Amino acid sequence: MSKNLLALVFAVVIAFAVTAITGRSTNESMLFGKPAATNAAFRDGVYLGKLDARQGKDPHVSIGRWSRDEDRIAFTSGYQQSYTAADEMAEK
């Protein structure tokens, strides 16, 4: 019985350690570091930023597309990153 309990405790400790190492899964923690590719607002910003840069348009971050502040931050981050990257690629 004590071997099973020890194995269970060990498994729980390992699970917590893995969770602590990989970080939280909230949108806020993913925005301040590396935004997750699964964030819809971020992906939307990436797409529109790339599209505007390729078409030679001036940057226009339309945050009104998203209602939550977290989504607006994600959209702006994705837009700026992709617009800058696409613009730099076009200059080369």
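**Salt bridges and stacked rings in a predicted model**

Biologist: At what N to O distance do the side chains of arginine 68 and glutamate 70 meet in a salt bridge?

Modeller: This is a predicted model, in which local features need a pLDDT (the predictor's confidence in each residue, from 0 to 100) of at least 70 and side-chain atom pairs count only at 80 or more, while totals for chains, interfaces and linings use all residues. Residues are numbered from 1 along each chain as its sequence is written, and side-chain values use heavy atoms, with hydrogens and water left out. A salt bridge requires a side-chain nitrogen of Lys or Arg within 4 Å of a carboxyl oxygen of Asp or Glu, and for arginine 68 and glutamate 70 the N to O distance is 3.4 Å.

Biologist: Which residue is linked with Arg68 and Glu70 in a network of salt bridges?

Modeller: Arginine 68 also forms a salt bridge with an aspartate, at 4.0 Å from N to O. Arginine 68 is partly exposed, with a relative accessible area of 40%, whereas this aspartate is buried at 12%; buried means under 20%, exposed over 50% and partly exposed in between, with a 1.4 Å probe and protein chains only. The residue that completes the network is Asp71.

Biologist: How many residues apart are aspartate 44 and arginine 65?

Modeller: Their side chains meet in a salt bridge at 2.9 Å, N to O. The pair links distant parts of the chain, since aspartate 44 lies in helix 3 and arginine 65 in the loop between helix 3 and helix 4, where helices (H or I, at least four residues) are DSSP runs numbered from the N terminus. Aspartate 44 is buried, at 14% relative accessible area, arginine 65 is partly exposed, at 48%, and their separation in sequence is 21 residues.

Biologist: Why is the pair of tyrosine 79 and tyrosine 83 given its class, and what is that class?

Modeller: Rings of Phe, Tyr and Trp (its six-membered ring) pair if their centres lie within 6.5 Å, and planes under 30 degrees apart count as stacked, over 60 as edge-to-face and the rest as tilted. Both tyrosine 79 and tyrosine 83 are buried, and, being four residues apart in helix 4 (residues 69–91), they are separated by about one helical turn. Their centres are 5.9 Å apart and their planes stand at 10 degrees, so the pair is stacked.

Biologist: Which element has the highest mean pLDDT?

Modeller: The protein chain averages 75, with 60% of the residues scoring at least 70. Helix 2 (residues 27–31) has the lowest mean among the elements, 45, and the highest, 92, belongs to helix 3.

How values were computed: Helix = DSSP H or I, 4+ residues; strand = E, 2+ residues; numbered from the N terminus.
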